[in-house]
Amino acid sequence: METLRELLIEDYEQCMELWGNTEGMALSDADSKESIHRYLVRNPGMSFVATEDDRVIGTILCGHDGRRGYIYHVAVDPACRGRAIGQKLAKAGLDKLREEGIAKCHIMVIEENEIGNYFWAKSGWSRRDGILLYSSNT
């Protein structure tokens, strides 16, 4: 049986291993240990891991900008899927956002990520059309 708890920077290596082995997950320089640490400090108590026997089997990065919530890197070990771990992680993040007074949350899913798109659609999230995402390096 899995346990949900706050994601700590000490979990970073196990999280990176899971993310790197998750089909459809895109990683970048923004996923460095330093960047993830800043994210966790900026959004304390809002990101979670699911663990089993001290092994990270699921993750969610969750935070907000004071107006909207954002979720990143929801991943569940393929051997542990089908146990509603992803749903539990999403609920934990949304509950924390609600406690912070955040009424709406977004997640960006890569268009070709069939598993992720299926999960979010099945979980009752609405796909937004007509919004384009632009990025720039600072």
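Which residue in strand 3 does A50 stand opposite? Let me begin there, with the reminder that what we are looking at is a predicted model. The residue opposite A50 is G58 in strand 3, and the pairing around these residues joins strand 2, residues 48-52, to strand 3, residues 55-64, in the antiparallel sense over 5 bridges.

Now let me place helices against that sheet. Helix 1, which runs over residues 12-20, packs on the sheet and touches strand 2, strand 3 and strand 4, the last of these being residues 69-76, while its direction makes about 95° with that of strand 3. Helix 3, residues 85-99, also packs on the sheet, where it touches strand 1, strand 2, strand 3, strand 4 and strand 5, and its direction makes about 30° with that of strand 3.

Stepping back to the sheet as a whole, it is an open sheet of 5 strands in the order 1-2-3-4-5, with mixed pairing. Strand 1, residues 3-6, and strand 5, residues 105-107, stand at the edges with a single partner strand each, so one side of each is left without a neighbour in the sheet. From one strand to the next, the twist averages 25°.

Finally, I would like to return to helix 1, whose buried residues are Y12, C15, L18 and W19. Because these residues cover an arc of only 125° around the axis, they lie on the same side of helix 1. What covers them includes helix 2, residues 33-42, together with strand 2, strand 3 and strand 4, whereas the face of helix 1 turned away from its buried side carries the exposed residues E17 and G20.

Methods. Residues are numbered from 1 along each chain as its sequence is written. This is a predicted model: local features need pLDDT of at least 70, side-chain atom pairs count only at pLDDT 80 or more; totals for chains, interfaces and linings use all residues. Side-chain values use heavy atoms; hydrogens and water are left out. Two strands pair if DSSP finds at least two bridges between them. Helices (H or I, at least four residues) and strands (E, at least two) are DSSP runs, numbered from the N terminus. Axes are lines fitted to C-alpha atoms, for helices over the stretch in contact, and angles run from 0 to 180 degrees between N-to-C directions. Contact means heavy atoms within 4.5 Å. Buried means under 20% relative accessible area, exposed over 50%, partly exposed in between (1.4 Å probe, protein chains only). The arc is that of the directions from the helix axis to the C-beta atoms.
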